[in-house]
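Morning, everyone. Please bring up the sequence and the model. I have two topics today, a helix pair and a ligand shell.

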Amino acid sequence: MRIGIVCYPTVGGSGVVATEMALALARRGHDVHLLSYDRPARLRRGVPGVRFHQVAVTAYPLFRYPPYDLALATRMLEVREEAGIDLFHVHYAIPHAVSAFLARSMGGDLKFVTTLHGTDITVVGSDRAYLRPTRFALEQSDAVTAVSHYLADETHLVFGGRTPVDVVPNFVDTERFRPGDRRPWAQRADEERILVHASNFRPVKRVADVVRAFAIVRKELPARLVLVGDGPDREHALAVAADLGCQDRVEQVGMQDDLDRTLAQADLFLSASETESFGLSMLEAMACGVPCVSTAVGGVAEVLGNTGRLAPFGEPQALAKAALAILRDPALHGQLAAAARQRAVEHFGTERIVSAYEAIYARVLGRP
Ligand code: GMT
């Protein structure tokens with residue numbers, strides 16, 4: 001098939017999933033065209049079968065807000081004409097699904113599948129300004145998918161259940177994200193436990209709560225917190241670490257091309273999110289054999305199963321307690337680590353999930 005994929009290029013989960021989809025579909029022999037305003041972070045150059053098409057938006061003094069959605073609709077039509085696209089798969093509803101509908105209205109029969117990732121429904125899609133166009137674009141989509149049952153339910157709640165939603169979870173490359181050569185802490189000279197958190201440091205991720213939970217763990221055990229990623233709350237999180245006197249044990253390593261290696265060195269992944277429709281970084285940690293301790297929000301329980309521990313949102317002390325229970329007990333840690341890896345491989349491997357998307361494409365195109 002000739003498939004157009006539309007996504008945000010940033011380090012956020014939806015862009016990562018869209019890019020990994022593009023790479024996996026190309027490996028399966030599809031001709032893939034990726035559209036975004038910048039080259040997505042995980043898209044290497046020169047990958048056979050994947051072409052990147054930049055969407056340029058013209059600045060003009062009158063435009064306080066340059067109309068990206070219009071430029072994207074035009075680019076979708078151009079790419080369709082150039083490459084003979086069979087179907088577009090848009091990741092994140094706003095404004096991508098609206099642009100796809102506009103492209104169809106301007107250019108005739110154009111099929112598109114919309115994948116909902118999280119805040120496009122839970123935050124942005126339920127904002128009065130965006131609700132009606134988002135609902136309309138979902139109704140116009142040839143198929144709508146959500147990355148968890150939680151998000152599918154939220155979508156029905158917000159939009160009144162008029163659109164059928166297929167649940168297709170996110171996936172992980174279990175060859176790249178795999179356990180490293182890390183020895184259990186009891187066999188390391190300093191017995192230091194390495195905790196890791198990876199995100200885009202937006203307020204919804206509550207990175208300061210991750211630091212607060214770590215500060216409690218740190219008082220009980222030798223430990224270090226590695227913060228991967230960057231975003232608006234970085235300074236706040238580091239200030240909280242300084243306030244709590246653990247800044248020398250908190251390492252901020254920024255964006256990482258080799259996240260797989262960093263995760264594979266960790267003993268535990270910590271997440272304090274206020275909402276998380278899926279939690280892709282946690283899945284990547286699980287594939288590396290790293291147990292996760294997270295707030296019990298959104299679709300996290302669907303991802304973790306019983307391979308990690310959940311604590312109520314907004315209670316860093318409860319997160320710390322759950323983390324300590326694992327980090328004090330090498331046998332429990334080993335058992336959860338093995339179960340996490342097994343769950344990632346059995347339920348969330350790339351081939352399994354990409355096949356599910358292919359089946360949806362075939363259904364939409366009437367080519368079973
Ligand atoms: O940042 C993004 O690209 C999207 C972002 C969001 O806030 O919607 O992440 C969402 O999509 C990821 C990939 O499907 C999920 O793993 C995240 O859980 C989800 N984030 C939230 O729901 C907050």
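How do the axes of helix H3 and helix H5 cross, and at what angle? Keep in mind that this is a predicted model. Helix H3 covers residues 96–107, and helix H5 covers residues 128–140. Their axes come within 9 Å. They cross at roughly 55°. That angle is neither under 35 nor in the 65 to 115 range, so H3 counts as oblique to H5. As for handedness, the crossing of H3 and H5 is left-handed.

Now the residues in that contact. On the H3 side we have Ala97, Val98 and Phe101. They meet Pro133, Ala137, Leu138 and Gln140 in H5. By class, the H3–H5 contact has six nonpolar residues and one polar. No charged residue takes part in it.

Next, the ligand. Around it sit 21 residues. Which of them come nearest? Gly12, Gly13, Ser14, His117 and Gly118 do. Two elements give two or more residues to this shell: helix H1, 13–27, and helix H4, 119–122. H1 provides the largest share, with four residues.

What about the make-up of the shell, nonpolar, polar or charged? It has 13 polar residues, six nonpolar and two charged.

Last item: domains. Domain 1 runs over 2–171 plus 349–365, and domain 2 over 185–348. Each of the two gives at least three residues to the shell around the ligand.

To recap: H3 and H5 meet through a contact with no charged residues. The ligand shell draws on both domain 1 and domain 2. Over to you for discussion.

How values were computed
Residues numbered from 1 in each chain as written. Predicted model: local features only at pLDDT ≥ 70, side-chain atom pairs only at ≥ 80, totals over all residues. Near = placed C-beta within 6 Å. Nonpolar A, V, L, I, M, F, W, Y, C, P; charged D, E, K, R; others polar. Domains from an automatic or database assignment. Axes fitted to C-alpha atoms, helices over the stretch in contact; angles between N-to-C directions. Parallel < 35°, antiparallel > 145°, perpendicular 65-115°, else oblique. Left-handed = near helix turned anticlockwise from the far one by under 90°. Contact = placed C-beta atoms within 7 Å.
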